[in-house]
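This report considers charged side-chain pairs and strand pairing in one protein chain. The sequence and the model are shown first.

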Amino acid sequence: TDWVSCLAECQGNLYSGSWDNSVRKWDVSAGKFIIEFLGHQDPVCSLAAVGEVLLSGSRDCTIRAWRVDTGECIKVYEGHSALVSSVIAADPVMYTASWDKTIRCWDIAAGTPKLNLFKKLDKPVLCLALSS
């Protein structure tokens with residue numbers, strides 16, 4: 001019930017990340033709210049979908065993996081020291097950008113950083129994109 005900061009689509013549903021620390025799942029065709037995903041301690045700033053999992057990055061410095069069918073948090077990724085501004089997924093890895101001036105690559109299944117792609121850039125990283 002606060003500002004929406006990000007959106008993602010997965011399996012025909014829309015997901016919204018908000019400044020009230022939540023992720024919400026919406027049925028686009030019916031225009032109805034379905035379920036709320038709770039767990040972040042600060043605003044949700046980025047979303048990405050991979051298979052049946054939704055990834056959310058937050059100002060609480062974490063990334064959470066959620067089951068899209070139930071809203072259950074199945075993994076918490078920790079390692080950034082500032083807001084996670086962007087999350088993108090290319091199974092089996094995800095990439096995250098942060099205001100801590102780093103870009104990280106993670107093993108989605110293991111929940112561990114594979115490597116820091118860039119450490120201590122000059123400025124915070126606001127967004128990422130992948131190209132095939």
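The sections below describe the salt bridges and then the sheet.

## Basis of the report

The structure is a predicted model. Side chains of opposite charge can pair when their charged atoms come close. In this model, the count of salt bridges comes to 4.

## The network around Arg-24

Asp-20 and Arg-24 are joined through their side chains by a salt bridge, with an N to O distance of 3.0 Å. Asp-20 is partly exposed, at 23% relative accessibility. Arg-24 has a relative accessible area of 14% and is therefore buried, as this value lies under 20%.

Asp-69 and Arg-67 form another salt bridge, in which the closest N and O atoms are 2.7 Å apart. Elsewhere, salt bridges that share partners connect Asp-20, Arg-24 and Glu-36 in one network. The residues of the Asp-69 pair are both assigned to the intermediate class: Asp-69 is partly exposed at 46% relative accessibility, and Arg-67 is partly exposed at 33%.

## A link between two loops

A salt bridge also pairs Asp-42 with Arg-59, and here the closest N and O atoms lie 3.7 Å apart. This pair links distant parts of the chain, the two residues being 17 residues apart. Asp-42 belongs to the loop between strand S4 (32-37) and strand S5 (44-50), while Arg-59 belongs to the loop between strand S6 (53-58) and strand S7 (62-67).

Asp-42 has a relative accessibility of 26% and counts as partly exposed. Arg-59 is likewise partly exposed, with a relative accessible area of 38%. Both values fall between the limits of 20% and 50%, so neither residue is classed as buried or as exposed.

## The four-stranded sheet

Four strands make up an open sheet in the order S1-S2-S3-S4, and their pairing is antiparallel. Strand S1 (4-10) and S4 occupy the edges. Each of these edge strands has a single partner strand, so one of its sides has no neighbour in the sheet. From one strand to the next, the twist averages 25°.

The pairing of S1 with strand S2 (residues 13-18) is antiparallel and extends over 6 bridges. Within this part of the sheet, Glu-9 has Leu-14 of S2 as its bridge partner.

Note on methods
Residues numbered from 1 in each chain as written. Predicted model: local features only at pLDDT ≥ 70, side-chain atom pairs only at ≥ 80, totals over all residues. Heavy atoms only, no water. Buried < 20%, exposed > 50% of the residue type's maximum accessible area, 1.4 Å probe, protein only. Pairing = 2+ DSSP bridges. Axes fitted to C-alpha atoms, helices over the stretch in contact; angles between N-to-C directions.
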